[in-house]
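Opened a new notebook page for this one. I want to go through the fold piece by piece and jot down what I look up.

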Amino acid sequence: MIDGATQDRQSITSEWAPLVKLIEGVRIREVKNVPKSNGVLTEIYRTDWAVDEGIVQQVFQATIEPGGLSAWHAHQYATDRLFVSVGILKIVLYDARENSPSHGCVNELRFGVQRPALVVVPPGIWHGVQNTGDTPSLLLNLVDRAYQYENPDHWRLPPDTPKIPYSFSTPRAFDALR
């Protein structure tokens, strides 16, 4: 080896499960694409997966252009269920809940059409998404509480806030995610 080279650390198990310690309450349900004679079928959400309480009051989709970023936001009451149906997105989560066992933890996840997954984001978890591909991405959200137009349960911070220990513009080492 060349002097100064560093060996990669394990980032995935032999069963292809990520080694990231998830923030308390966050759930991920990876799903499989099912090749069909006319295309591909992908299940997005089922209550029998038991990833949460199973209430869906609203479903919406957001288009995120290449390089596009939506960060940071959190909900006091609502649970988001994020599913990337087209493209690839980096989904970053930050636990600012003071009484949480994972307080201060950051999770950086990448999901998309090649590796589909439902990411359940409980109330109080700050999250942001960034399109890391070169084509537009579509993000579905299956929320347990419909958006309240008169009194939104939607709190925001700027993408570069110093209150969250993550930079969308600086690559993050895997070790920092544990």
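My entries follow, starting with the sheet and ending with the odd backbone spots.

**Entry 1, the sheet.** A reminder to myself that this is a predicted model. I looked up the strand order and got an open sheet of five strands, β1-β9-β6-β11-β4, with antiparallel pairing. Which strands stand at the edges? They are β1 (27-30) and β4, and each has a single partner strand, so one side of each is left without a neighbour in the sheet. I also checked the twist: neighbouring strands here are turned by 20° against each other on average, ignoring direction.

**Entry 2, inside the sheet.** I zoomed in on β6 and β11. Strand β11 covers residues 137-143 and runs antiparallel to β6, with four bridges joining the two. For V84, I found the bridge partner in β11 to be L139.

**Entry 3, a hairpin.** Next I went to β2 and β3. A hairpin joins them through two residues. Strand β2 takes in residues 33-36, and four bridges tie it to β3 in antiparallel fashion. The bridge partner of K36 in β3 is G39.

**Entry 4, the cores.** I asked where the nonpolar side chains gather. In soluble globular proteins they tend to be buried together. The largest nonpolar core in this model has 17 residues. L82, I91, L93, V119, V129 and L139 have the most contacts inside it. Which strands each supply at least two residues of this core? I noted β6 (80-86), β7 (88-95), β8 (106-112), β9 (117-121) and β10 (125-131). So L139, the bridge partner of V84, turns up again among the core residues with the most contacts.

I then picked L93 and listed what it touches, leaving aside neighbours within four places in sequence. The contacts of L93 include I23 and V26, then C105, V106, N107 and L109. Further along the chain, L93 also meets V119, V121, I125, W126 and H127. There is another core apart from the largest one, with ten residues, among them V92, W126, I164 and Y166.

**Entry 5, the aromatics.** The count of aromatic pairs comes to four. I followed W72, which lies in strand β5 (residues 69-74). W72 and Y166 make an edge-to-face pair, 6.2 Å centre to centre with 90° between the planes. Y166 sits in the segment after β12 (155-156), 94 residues from W72, and the pair links distant parts of the chain. Are these two rings buried or exposed? W72 counts as buried at 0% relative accessibility, and Y166 is buried too, at 6%.

W72 has a further partner in F168: this pair is tilted, at 5.2 Å centre to centre and 50° between the planes. F168 is in the segment after β12 and W72 in β5, so their pair ties together parts 96 residues apart in sequence. Both W72 and F168 are buried. I wrote down W72, Y166 and F168 as one aromatic cluster.

**Entry 6, D52.** I wanted to see what a charged residue does in the loop between β3 (39-42) and β4 (58-64), where D52 is found. D52 has a relative accessible area of 18%, and the cut-off for buried is under 20%, so D52 counts as buried. What does the D52 side chain meet in polar contacts? One runs to the side chain of Y45 at 3.1 Å, and another joins D52 to the side chain of R81 at 2.5 Å. Not counting residues up to four places away, D52 touches Y45, T79, R81 and V120.

**Entry 7, backbone oddities.** Most residues other than glycine have a negative phi, and most peptide bonds are trans. I went looking for exceptions. A50 is not a glycine, yet it has a positive phi of about 55°. A50 is found in the loop between β3 and β4, and it counts as exposed at 61% relative accessibility. The peptide bond from A71 to W72 is cis, with omega near -20°.

**Entry 8, the front end.** Last, I looked at Q7, in the segment before β1. Q7 is exposed, with a relative accessible area of 73%. From Q7 to G25 I read 32 Å in space, C-alpha to C-alpha, for 18 residues in sequence.

Notes:
Residues numbered from 1 in each chain as written. Predicted model: local features only at pLDDT ≥ 70, side-chain atom pairs only at ≥ 80, totals over all residues. Heavy atoms only, no water. Core = buried A, V, L, I, M, F, W, Y, C linked by side-chain atoms within 4.5 Å. Buried < 20%, exposed > 50% of the residue type's maximum accessible area, 1.4 Å probe, protein only. Contact = heavy atoms within 4.5 Å. Polar contact = N/O pair within 3.5 Å; in protein donor to acceptor, adjacent residues only side chain to side chain. Pairing = 2+ DSSP bridges. Axes fitted to C-alpha atoms, helices over the stretch in contact; angles between N-to-C directions. Phe/Tyr/Trp six-rings, centres within 6.5 Å; stacked < 30°, edge-to-face > 60°.
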